[in-house]
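Thanks for asking me to look this over. Here are my notes, in the order I would go through them on screen.

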Amino acid sequence: MSKEFVVEGWGRDEFLNAAVKYNPNVQTALIGRAYDFAENAHKGQKRLCRRDFFMHCKEVAYMLMKLRLDTATICAGLLHDVIEDTKTRPDELKRIFGEEVFSLVNGVTKTARISLESGDEERAENIRKVLLATIKDIRVILIKLADRLHNMRTLKYQPPENQAAVSQETLDIFVPISYKLGMYRIKSELEDLCLRYLKPEVYQSLKQRISKKRDERDREVRELMGKVKRLLEEKGINATITGRAKNFYSIYKKMTKKKIPFEQVNDLYAIRIITESQDDCYRILGIIHSIWTPISSRFDDYIASPKQNMYQSLHTEVVINGKPVEVQARTWKMHYIAEEGIAAHWRYKDAERDKKFDRKIAWLKQILEWRMTANAKDFLENLKIDLFKDEIYAITPKGDTIPLPEKSTPVDFAYAVHTDIGNHCKSAKVNHIIVPLDQELNSGDIVEIITAKNATPSRNWLKFVRTNHAKSKIRGALKIAVGEAQPAVDSKDEEQLIGLIDFPKVSLLKLAGCCSPQYEDSITGYRMKDGKIAVHKVLCENIKKLDPNRKIYLGWKKQSDDATIKLRAEVIDRSGLFQDILSVLTRNGLRIEAINTKSIRDKLYLLLEIKPPSVPEILDETVSSIRKVSNVVDVRVE
Ligand code: MN
């Protein structure tokens with residue numbers, strides 16, 4: 001669990017040495033001045049834990065130091081409370097430390113003094129101020145998050161009524177912000193601390209149960225990691241392997257969302273493999289899949305399509321000793337970005353601090369623009385809603401931003417721009433490349449809709465559009481009455497799910513409540529005494545204990561949309577090869593469903609499963625482009 005005071009024992013010299021250790025480019029002279037200034041300004045002030053107030057400033061600056069941020073940010077971390085809590089005048093701070101440090105400190109300084117009696121208005125106004133300053137300079141929110149994290153770590157010294165209010169605000173506002181900025185390490189720690197104060201019983205019981213299970217699981221995970229390590233070494237791949245424990249809050253969330261008890265959360269741990277190149281990530285995945293059986297539909301390629309918050313990794317789930325284990329593969333750069341998010345991006349210097357970087361905080365600008373006119377209290381309420389909605393921002397060729405729900409497609413985009421564009425949409429380009437109309441859009445994608453006078457909406461579009469707006473416009477154009485049954489693909493509704501199960505007597509089927517199977521999970525049936533058949537997940541703990549003679553094999557109906565095409569490429573391994581092949585697929589808008597490698601005698605094969613392209617010619621083009629990649633001996637569609 002989080003330590004309250006990490007650098008308490010450090011003197012000035014140790015503090016400055018550490019700053020250089022994390023970032024050799026910092027100016028210790030200025031940081032030293034900020035150190036002395038803050039220590040002096042807060043002299044005599046105590047925190048509720050009875051320690052010197054300055055300890056808090058040091059801890060906040062240390063967190064920023066660990067994110068390897070620059071001189072101004074570390075200085076501002078040390079000085080972040082001097083305007084608010086000491087007699088220091090703003091102009092004095094500006095004169096001594098300059099405009100940059102001053103505006104960072106000013107950004108996190110509250111407009112109104114917050115006390116227990118402060119109304120929501122003041123709280124809301126303070127948050128709005130921080131977010132506005134963040135748009136001008138992202139470092140403001142990094143300082144604010146470090147400050148909040150340290151206040152959460154020391155929350156036990158606050159009166160109980162404060163604890164709940166601060167935790168709730170953290171969970172509503174700062175957790176989603178850190179998620180949206182991709183700062184997973186801070187987000188998970190904040191979440192666990194919130195859980196500890198908002199649901200103390202849940203927190204304590206999880207803590208106990210996890211420590212009980214830990215020894216046994218630790219041993220298993222260690223053995224597994226050793227095995228993976230040896231395997232990769234044999235193939236000449238250099239990698240660091242770690243076992244990652246899920247944070248308490250995400251276990252709690254899983255239990256409540258899936259309505260399952262702790263005992264049924266089996267993925268408490270994941271194995272993470274960190275390596276040098278992107279190429280190695282795919283190669284590792286191929287090796288893992290050739291040894292353990294992947295659980296179908298659990299492969300996520302966040303390298304080819306990063307999450308909105310910049311997260312990149314390959315995720316897969318395989319069955320090892322009868323248990324599902326999540327395996328992640330990523331490069332070191334991806335690892336830092338996954339843990340530190342926007343802070344790591346900010347570090348990758350000017351070249352990347354361009355338009356692309358701006359787009360990463362476009363969502364924040366949008367939220368603030370929409371809510372600028374609202375009064376402070378409405379602002380806060382709406383901010384909570386906006387933060388939880390996963391929205392993406394696609395861009396028109398003219399540069400206008402179109403906000404859309406996550407997983408929206410070019411058709412949603414077309415209707416969002418104008419009904420006529422939607423109704424005459426023929427095809428679409430994303431980032432200048434023709435893509436299938438059902439391709440999921442990502443934030444920052446530039447989307448161009450190609451229209452034709454004689455083009456009309458297709459009934460098929462209703463299967464993949466995300467927005468209600470597009471749905472109702474398509475229905476209107478097709479003259480489909482509302483309420484008429486539409487083919488459901490990803491509906492979680494029980495009846496619709498059962499309809500997708502491949503079984504002659506659907507009326508006998510019933511979804512088991514214990515493991516709530518979802519579309520594409522591996523499932524098995526169990527004949528019950530009343531003749532009905534309960535549908536369980538293959539990995540359900542309950543079904544394992546039941547009479548195996550009464551089990552029935554069950555699978556999902558093969559939907560024509562889900563058919564995949566298998567490509568088999570014979571290759572001679574070289575560095576960069578996988579990446580080159582995969583970029584051909586990405587360029588052609590093809591999504592990879594599964595990836596595998598196989599060596600037969602001295603030949604190496606790369607097996608790829610892809611979704612069929614909407615335009616058949618794309619497949620031929622792709623195959624001939626792959627053939628041209630050097631070291632590819634042959635490619636065949638199986
Ligand atoms: Mn503070």
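**Notes on the model**

1. Let me begin with K156, which is partly exposed because its relative accessibility is 41% (buried means under 20% relative accessible area, exposed over 50%, partly exposed in between, with a 1.4 Å probe and protein chains only). A word on the ground rules: this is a predicted model, in which local features need pLDDT of at least 70 and side-chain atom pairs count only at pLDDT 80 or more, while totals for chains, interfaces and linings use all residues. Residues are numbered from 1 along each chain as its sequence is written, and side-chain values use heavy atoms, with hydrogens and water left out.

2. What does K156 pair with? The side chain of K156 meets that of E4 in a salt bridge, at 2.6 Å from N to O (a side-chain nitrogen of Lys or Arg within 4 Å of a carboxyl oxygen of Asp or Glu). E4 lies in the segment before α1 (12-22) and K156 in the loop between α8 (139-153) and α9 (160-180), so this pair ties together parts that are 152 residues apart in sequence. Helices (H or I, at least four residues) and strands (E, at least two) are DSSP runs, numbered from the N terminus. Unlike its partner, E4 counts as buried, because its relative accessibility is 17%. The structure holds 24 salt bridges.

3. Another pair worth a look is R272 with E339, a salt bridge whose closest N and O atoms are 3.8 Å apart. Strand β2 (residues 269-275) carries R272 and helix α14 (residues 332-340) carries E339, so the bridge ties together parts that are 67 residues apart in sequence. R272 is buried at 10% relative accessibility, and E339 is buried too, with a relative accessible area of 16%.

4. Within one helix, R283 forms a salt bridge with D279, and the closest N and O atoms are 3.1 Å apart. Both residues lie in helix α13 (residues 278-291), four residues apart, about one turn of the helix. R283 and D279 are both buried. If you like networks, do look at D70, E100, D137 and R139 as well, which are linked by salt bridges.

5. Which residues coordinate the manganese ion? They are H56 (NE2), H80 (NE2), D81 (OD) and D147 (OD), at 2.2 to 2.3 Å. Donors here are N, O and S atoms within 2.8 Å of the metal (3.2 Å for Na, K and Ca), and water is not among the atoms, so sites may look incomplete. Along the chain, the donors of the manganese ion follow the spacing H-x23-H-D-x65-D. H56 lies in helix α3 (residues 53-66) and D81 in the loop between α4 (71-79) and α5 (82-85), so the two tie together parts that are 25 residues apart in sequence. Both H56 and D81 are buried.

6. Finally, please check G531, placed in the loop between β13 (523-527) and β14 (533-537). G531 is partly exposed, with a relative accessible area of 30%. Its C-alpha is 7.5 Å in space from that of L508, and the two residues are 23 apart in sequence.
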